[in-house]
Amino acid sequence: MHNIHKTLPKNCSLPPQESIPGAEVVVLPYSLLLSQASQASIGLSLRNALVVIDEAHNIPEALCNISSVKLTLPIVQAASSQVNSYLSRYSVRLAGRNLFYLSQIRRCLHTIRSYLSQQPSSKLDKTSRMLSTTELIFTLKLDNINFVKIDRYLTKSRLPQKLLGFMQVVNMEATGDQKEAIDENDPRFLSKHVSPLSIVQKFFECLSRSHNEGKIAVDWPANVNEVMSIPTLRYVLLNPSAKFTHILQEAHSVVLAGGTMRPFSHIACEILGPS
């Protein structure tokens, strides 16, 4: 199901964000139901609602996919370059609060970039490791950074979106309206429609979560000359029920339905948490 179906009063011509509150039935895909940010973007509230989830055995996997974040070295480098360019042009116009948070963001990006850029000193060194969010923060020596406040600042200031537009203007000024052929299958490919800083922000939000919710997988290419493999930080959700709690707390009732719900105790534990 990919469309939102609304049962509305006759002759209703309101836009979706305004018509959803008056709807009796809303049909939507997992991605919109499970993400609080997506719910807010379409004006959907589950307060006192009856939520019926079909094929509920897919919920744990869907929660993991939605909550996982992949931060590659090229993304960090691009975000760092954008923040530096933005500061170079507008630093004299920015208020002290903005400069404070931008300097913290720049420091985080520089530290993560340096960490991902390091290479194993020998073939015996591991090219991947699994760390808790706390372990990674202390490894990067960023334990004095409040990632909750940085995430809040990025959301309120809409800096990732501003930087995307800012860099489009800067690039056009530098190269003109020239389009380059880019292989989208190349892991170094960066979409012109997605701000690198928005991906970094999602990763920062992961770092602010409880260390029991997930782990950080750190991957370096075994061969430094291997083009199709790049240094990466991946947040992996290990406790799907933690991301389903907001639905249970807000909705009046939740119905889990499906034809392959056995063993139900296992699925219920992944979705609802330990009883």
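## Overall picture

How much area does the protein expose, and what share of it do carbon and sulfur atoms supply? The exposed area is about 16500 Å². Carbon and sulfur atoms supply 51% of that area. The model is predicted.

The protein has 275 residues, and 38% of them count as buried. Its secondary structure comprises 12 helices and 8 strands. Contacts reach across the sequence. Take those between residues at least 6 apart: 75% of them join residues at least 24 apart.

## Helix 4 and its buried side

Helix 4 spans residues 59-67. Its buried residues are Ile59, Pro60, Ala62, Leu63 and Ser67. They lie on the same side of helix 4, because they cover an arc of only 165° around the axis. The general geometry is familiar. An α-helix has 3.6 residues a turn, so residues three or four places apart point the same way.

The face turned away from this buried side carries Glu61 and Asn65, both exposed. What covers the buried residues of helix 4? Several helices are part of the cover: helix 2 (30-34), helix 10 (196-207) and helix 12 (264-272). Strands contribute too, including strand 3, strand 4 (69-72) and strand 7 (232-237).

## Thr72 in strand 4

Strand 4, part of the cover over helix 4, holds Thr72. Is Thr72 buried or exposed? Thr72 counts as buried because its relative accessibility is 6%, under the 20% cut-off.

Which residues does Thr72 touch, leaving aside those up to four places away in sequence? They are Leu116, Ile230, Pro231 and Thr232. Of these, Thr232 falls within strand 7 (232-237), which also helps cover helix 4.

## Strand 3 and a nonpolar patch

Strand 3 runs over residues 50-53 and includes Leu50. The strand is part of the cover over the buried residues of helix 4. Leu50 itself counts as exposed, because its relative accessibility is 59%, over the 50% cut-off.

Leu50 joins Val52 and Val255 in a nonpolar surface patch. The patch measures about 280 Å².

## Gln249 and Arg47

Where does Gln249 sit? Its place is in helix 11, residues 245-250. Gln249 is exposed, since its relative accessible area is 64%.

Gln249 and Arg47 are 202 residues apart along the chain. Their C-alpha atoms are separated by 8.7 Å.

Definitions and conventions: Residues numbered from 1 in each chain as written. Predicted model: local features only at pLDDT ≥ 70, side-chain atom pairs only at ≥ 80, totals over all residues. Heavy atoms only, no water. Patch = residues over 30% accessible without salt bridge, like charges linked within 9 Å, V, L, I, M, F, W, Y side chains within 5 Å. Areas by Shrake-Rupley, 256 points an atom, 1.4 Å probe, with all protein chains shown as cover. Salt bridge = Lys/Arg side-chain N within 4 Å of Asp/Glu carboxyl O. Helix = DSSP H or I, 4+ residues; strand = E, 2+ residues; numbered from the N terminus. Buried < 20%, exposed > 50% of the residue type's maximum accessible area, 1.4 Å probe, protein only. Contact = heavy atoms within 4.5 Å. Arc of directions from axis to C-beta.
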